[in-house]
Amino acid sequence: MFKAKTVPGVLGSFAHIDSAVDAIKGLRARGHTDLTVYSAAPNHELEEALEHKISAVRLFTLVGGLTGVSAGLAMTYWTSLDWPLLVGGKPIATVPPYVVIMFELMVLFGALSTVTAVALLSLRKPTTGIAYDPRYSDDLVGIFVPCAADRAGDVESLLKQAGSVEVRRAA
Amino acid sequence: MASATQHPTQTHAEVTRDVIGTLGTPTRGYYILLGCVSAALAVGLVTFFFLVKDGLGHAGYTPPVMWSVYITTFVFWVGIGHAGTLISAILYLFRSPWRTAVYRATEAMTVFAVMTAALFPIVHIGRQWIFYWLIPYPNARFLWPNFKSPLVWDVFAITTYFTVSTTFLIFGLIPDVAAVRDKVSGWRQKVYGMLALGWKGTDEQWRHYSRAYLYLAALATPLVLSVHSVVSWDFAMGIIPGWHGTIFAPYFVAGAIYSGVGMVFTLLIPLRRALKLEHMITTYHFDNLGKLTLLTGCILFYAYGMEYFVAWYSGNIFEQTTFWRRAFGPMWWAGWAMIICNAFVAQLLWFRKVRTNLTALFVISIFINIGMWFERYVIIVSSLGNDFDPWAWGLMNPTWADWGILLGSFGWFGLWFTLFFKHFPIVAIQEIKEMIPMPRRKGAH
């Protein structure tokens, strides 16, 4: 069976949020910008320390929503004109009753493209081969720093200095 | 009694332990519950078998009442789902802290209620094996569905609502399933590991996830308002007296939320006790749910009054007759059951003592469930039964085939919900943790 190659680096675990934030800031100041930070819930302090940009998910949502509206309009109009049936002198194709279909398809396509976006965008930074600890989904924050063996010592001491409760090497 | 605090008082580790603790070995009571809902479902399946074998003649359809218990129950279950989306999506956008402990259960209720509702158009149409004719593709003569029909709008609304609600539920579950994966062992770890879809809670995953969750909530919010509006237009677009009202959309949406919160009480009050979650789902949450019930109950009270007022004020003899007969005709008992259970019983919730008394809330919730089923029964059956010409008036009496399918629907819903709460976290671990500040080495800032 395929086994992902382990990424060499150092994994630090933190019980205190301020310690983890200090460690992230210290690591980034030393040029370690390719960090992977684990947490059980999203945390604004961690996001600010990592200086993340706003996710591109919103573009997918927008495109999905617009596609849904367009598909709804195109489908209702085209099918009405494909077999025109005149009922009670009313227009063959008209927007007001089709707004419902357009709206529903906007929500449907928008929601599905949003979820697809998370899957696709998360693939840009895969987690396979990167050290992990099950306690990160419980009550600890984890910081994985990819680095070669010759820089691991510096990273370890920085993590310990920041207040890490456990530091280990992944090779 | 558990304290009514706004924020959870546990640590992150305690939240994980307590919620995952609910997934342990099932008790005898759980198996009894599972047996009861399975038996109810079996009754529904047997009834459905006879409906397929012999036709809809077994049901109580009597001209001119050709929509009756099945459409009533369809609207009832669609409505139940609405409270779930209100709590999970709309209150998320409003940042209401009290939603966190209850939203997972209500969202699961939404998905299972819509799954239940979706069965009813199929049961109702007769010749159920060609139900796919409802889907918009051209028939043998290349004739397309009529997109100006509210029934076709409803197909789109319900399908979208089911898809988006299910997506929202599963999406919200992913981090919690990963938390379960990290706590269990053996084959369960493998199964939860597969269901967690590789979730590890990295900063990159949270960055996209949090945004996506916000957008899903933003999309689900107008969706939930649209769905019951569209359901109401199934009736309001017709010219039947008693149906043809402009207030139907907000009236139905308020009623849907009211009935849904009623079902939340019915499910959560015993469940929190059975799963020992009294310290997480507290009277604080029920107090707020009670306020929501009171608000929607008052909107319903107003809508009921306005229906009668408009019928009188319009001077339209057909409307006036329908509403007179709704109160004093042969279905008076159903008409008053709806008004008493919905408009009047909800007024008890003005009192905080009632909103924080779980026994009282449970009893009120049963009244709400019954009242809201009768609301739809009255709107559908009494209106159809009092058509324009008195010689065509008629009544239908539900038969064993109507009650069998109704009971089966509770079995179907109950089976899914019972299986869900024993296999997935019924309280959102990740969102509760988000509300609890992580410990600080340097003290609070």
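In which loop of chain B is the place of B:K276? The exercises below treat this point and others in turn.

The model is predicted: local features need pLDDT of at least 70, side-chain atom pairs count only at pLDDT 80 or more, and totals for chains, interfaces and linings use all residues. Residues are numbered from 1 along each chain as its sequence is written, chains are lettered from A and ligands numbered from 1 in the order in which they are written, and side-chain values use heavy atoms, with hydrogens and water left out.

**Exercise 1. Locate B:K276 and B:R95, and describe their backbone and exposure.**

Step 1. B:K276 has its place in the loop between α8 (248-274) and α9 (283-314) of chain B. Helices are DSSP runs of H or I with at least four residues, and strands are runs of E with at least two, numbered from the N terminus.

Step 2. The phi angle of B:K276 is near 55°, a positive value in a residue other than glycine.

Step 3. B:K276 counts as exposed because its relative accessibility is 64%. The classes are buried, under 20% relative accessible area; exposed, over 50%; and partly exposed, in between (1.4 Å probe, protein chains only).

Step 4. B:R95 lies in the loop between α3 and α4 of chain B. Its phi is near 55°, again positive in a residue other than glycine, and B:R95 is exposed at 56% relative accessibility.

**Exercise 2. Identify the cis peptide bond between B:P63 and B:P64 and place B:P64 in the chain.**

Step 1. The bond that joins B:P63 and B:P64 is cis, with omega of about 5°.

Step 2. B:P64 belongs to the loop between α2 and α3 (69-93) of chain B.

**Exercise 3. Describe the packing of α2(B) against α14(B).**

Step 1. Two packed helices are described by the angle between their axes and the distance between the axes.

Step 2. Helix α2 (residues 28-54) and helix α14 (residues 400-423), both of chain B, pack at an angle of about 140°, and their axes are 7 Å apart. Axes are lines fitted to C-alpha atoms, for helices over the stretch in contact, and angles run from 0 to 180 degrees between N-to-C directions.

Step 3. The crossing of α2(B) and α14(B) is left-handed, meaning that the near helix is turned anticlockwise from the far one by less than a right angle.

Step 4. The residues of this contact comprise 18 nonpolar, nine polar and one charged. Ala, Val, Leu, Ile, Met, Phe, Trp, Tyr, Cys and Pro count as nonpolar, Asp, Glu, Lys and Arg as charged, and the others, Gly among them, as polar.

**Exercise 4. State whether B:R104 and B:V231 are buried or exposed, and list their contacts.**

Step 1. B:R104 lies in helix α4 (residues 103-125) of chain B and is buried, with a relative accessible area of 0%.

Step 2. Beyond its neighbours within four places in sequence, B:R104 has contacts that include B:D176, B:F420 and B:P425. Contact means heavy atoms within 4.5 Å.

Step 3. B:V231, in helix α7 of chain B, counts as buried because its relative accessibility is 0%.

Step 4. Residues up to four places away in sequence aside, B:V231 touches B:V75, B:V78, B:D154, B:I158 and B:F252. B:V231 and B:V75 are 156 residues apart along the chain, yet their C-alpha atoms are separated by 7.3 Å.

**Exercise 5. Characterise the interface between chain A and chain B, and the place of A:A111 in it.**

Step 1. In this interface, 64 residues of chain A are in contact with 54 residues of chain B.

Step 2. The two chains bury about 5,200 Å² between them, 65% of it on carbon and sulfur atoms. Buried area is the accessible area (1.4 Å probe) that two parts lose on being put together, summed over both.

Step 3. A:P42, A:E104 and A:D138 supply 11% of the area that chain A buries against chain B, more than any other three residues.

Step 4. A:A111 is found in helix α4 (residues 95-123) of chain A and is buried at 1% relative accessibility. Not counting residues up to four places away in sequence, A:A111 touches B:V164, B:L216 and B:L219.
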